[in-house]
Amino acid sequence: MSDFNIKYVAHLARIALTPEEEKKLSAQMGNILGYIEKLKELDVSNVEPTAHAVPLINVTRADETGESLSQEEALRNAPARANGLFMVPKIVE
Amino acid sequence: MALNESTISELTARLAKREISAREIMQSCLDQIARVDGKIHAFISYDDKDALAQADLLDKEILDGINHAKKPLFGIPIAIKDVMAVKNQPLNCASKILGGFKSPYDATAIEKLKSAGAIVFGRCNMDEFAMGSSTENSAFGVTRNPWDTTRIPGGSSGGSAAAVAADETIAALGTDTGGSIRQPAALCGVVGLKPTYGRVSRYGLVAFASSLDQVGPLTKNVSDAAVLLGVLSGHDRRDSTSIPQPVPDYAGALDGKIRGLKLGLPKEYMIGGLDPEVKSAVDAAVKTFQELGAEIVEISLPHTDYAVATYYIIATAEASANLARFDGVRYGARVEGKDFWELYSNTRGAGFGGEVKRRIILGTYVLSSGYYDAYYLRAQKTRTLIRKDFLDAFEKVDAIITPTSPTAAFKIGEKSDDPLQMYLSDIFTISCNLAGICGISVPCGFTQNPKLPIGLQLLGKPFGEEMLLRIAHAYEQSKSWHTQRPKIT
């Protein structure tokens, strides 16, 4: 695929790639995208898309409070935390 | 027969008579793990003390009398694929990115197993985030096929299938997004069932492709799969895609009556890459069904040739969205950067393995601006055609027969450098997930040299698990394939 830009897509996906990974992935994506081109053989202009195999619409439940994880449990797996919050690098200067 | 080699129904009968204890069953599995798992590596980890403590609690309960009607899995060890949350146990999805994560809660399927009296133990190896067909894509090393340790066990639930085949557990849970229960079951010579989409709650299952994922059992025979499915099934308010449909008595449906049923053979499935030994095993199974009184009907699933491409667009698109949550902020391993953008990219670059990166990249691309209609929307429309193929076929037949996999287990490393070839090996299993129907793989023979298991796939109507299990059981009981066990060397 001539218009597949690995650097751009990796940026969208927020994945840092090494130059070797970029090279290898570009080649493999070329093969895979070449293969999935075959879908263009089919005329699907009058076909509705399927998002889910079982058609369910508007699944709702009563808006009630219930049990949930405690703050301590929710933070237990955090890589960095302080004062009962997740720690991240500064976002706003 | 050693306890760890027994089936759920055999153990249940002996427990009820108090000939054996839950501790003895669990210990027997742990002994087998100590004997063979160095060669197989079906488990990423297991907590033997916790497993035995669960068994001891059950043995105390036995004193008050066991009610197997209420607790159909009483005293039965069940191993869990490393993609489902079990409270206070590690959950890694066979990835580095989750670091030392421990689950703060139980998945619904796990809650149900525990309420049914099962001993929930172990973290079965898998392809990272369930992406793969060989269990080679694990950050914790490859799992080996118990029938030939130079070969792959299939995937992505390869650890679960190998653990059952090697008698390291009585049964296991797996997950199936495009064949990840059925294909490893076939390659390891055990039974694997993918329920209809919405039959089993996905709450507490780490999502790969949310519109395709289902949890299901891997067992030593069809009857055990029926018992486990009965426990796992049912509506869950915590999973809005689970379906409020009554749960029938699956085990009670195994009455052997298949005379007069119509079974469809799709002509599109006789493809070039089908191994001759697999073909002849499936042909022989078809003959057996005729002898059992079923009628064989040739059917057509005209869009079969588009299934792999459709699947790899939809599954990767959903995966790219689902795996966005692994960003080093709320859980898992973090790799710092100069700002939060770099923190995300560095964490994901270091934490994800090659196949996961490949699929996220593909999924991101097919959803990206300018390509969405050409790829993702087109794939969703093709999915409609594939689903319609099956619904049309089920107007004429009660179930569909196919091979589970075009070949028996391949060598470790044989396809790992060619992702497209690996994807094409899923040809017979992925349509089932796209269509949202149910499917099962049962052993149907062996290749000659080396001796490797071959799987027969049966596909059933949405919520047609009773019929599917009845047909699979009738076949299984007419043969003895499922009683053969590997000699682990």
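Biologist: How many helices and strands are there in chain A?
Modeller: Chain A has 3 helices and 2 strands. This is a predicted model, by the way.

Biologist: What pattern do they follow along the sequence?
Modeller: Chain A reads α-α-α-β-β. Its radius of gyration is 22 Å, well over the 12 Å that the globule rule gives for 93 residues, so chain A is more spread out than a compact globule.

Biologist: What box do its C-alpha atoms fill?
Modeller: Roughly 55 × 45 × 25 Å, along the principal axes.

Biologist: And what percentage of chain A is buried?
Modeller: Buried residues make up 12% of the 93.

Biologist: On to the contact with chain B. How many residues does each chain give?
Modeller: Chain A puts in 42 residues, and chain B puts in 55. On the chain A side, the elements giving two or more residues are helix H1 (6-13) and helix H2 (19-36).

Biologist: Which one gives the largest share?
Modeller: H2(A), with 7 residues.

Biologist: What classes of residue are on that side?
Modeller: The side of chain A that touches chain B has 31 nonpolar, 5 polar and 6 charged residues.

Biologist: Switching to chain B. What is the strand order in the open sheet?
Modeller: The order is S1-S3-S2-S4-S6-S5-S10-S11-S9-S7-S8, so count 11 strands, with mixed pairing.

Biologist: Which strands are at the edges?
Modeller: Strand S1 (43-45) and S8 of chain B; each pairs on one side only. From one strand to the next, the twist averages 35 degrees.

Biologist: How do S7 and S8 of chain B pair?
Modeller: S7(B), residues 262-266, and S8(B), residues 295-299, are parallel over 5 bridges. B:Lys262 has B:Glu295 as its bridge partner. Between these strands the chain passes through helix H8 (residues 276-291) of chain B, and the β-α-β crossover is right-handed.

Biologist: What about S7 and S9 in chain B?
Modeller: They run parallel too, joined by 2 bridges. One bridge pairs B:Gly264 with B:Ile400.

Biologist: And S10 with S11, parallel or antiparallel?
Modeller: Antiparallel, with 8 bridges between S10(B), residues 438-446, and S11(B), residues 453-460. There, B:Ser441 partners B:Gln457.

Biologist: Which strands does helix H15 of chain B touch?
Modeller: S9, S10 and S11 of chain B. H15(B), residues 465-478, makes about 5 degrees with the direction of S10(B).

Biologist: Where does helix H4 of chain B lie?
Modeller: H4(B), residues 108-115, lies across S2, S3, S4 and S6 of chain B. It runs at about 140 degrees to S3(B).

How values were computed:
Residues are numbered from 1 along each chain as its sequence is written. Chains are lettered from A and ligands numbered from 1 in the order in which they are written. This is a predicted model: local features need pLDDT of at least 70, side-chain atom pairs count only at pLDDT 80 or more; totals for chains, interfaces and linings use all residues. Helices (H or I, at least four residues) and strands (E, at least two) are DSSP runs, numbered from the N terminus. The radius of gyration is taken over C-alpha atoms; the globule rule is 2.2 Å times the number of residues to the power 0.38. A residue is buried if 20 or more other C-beta atoms lie within 10 Å of its own, exposed if 12 or fewer, and partly exposed in between; C-beta atoms are placed from the backbone. Two residues are in contact if their C-beta atoms, placed from the backbone, lie within 7 Å. Ala, Val, Leu, Ile, Met, Phe, Trp, Tyr, Cys and Pro count as nonpolar, Asp, Glu, Lys and Arg as charged, and the others, Gly among them, as polar. Two strands pair if DSSP finds at least two bridges between them. A crossover is right-handed if, with the strands pointing away from the viewer, the path from the first strand over the helix to the second runs clockwise. Axes are lines fitted to C-alpha atoms, for helices over the stretch in contact, and angles run from 0 to 180 degrees between N-to-C directions.
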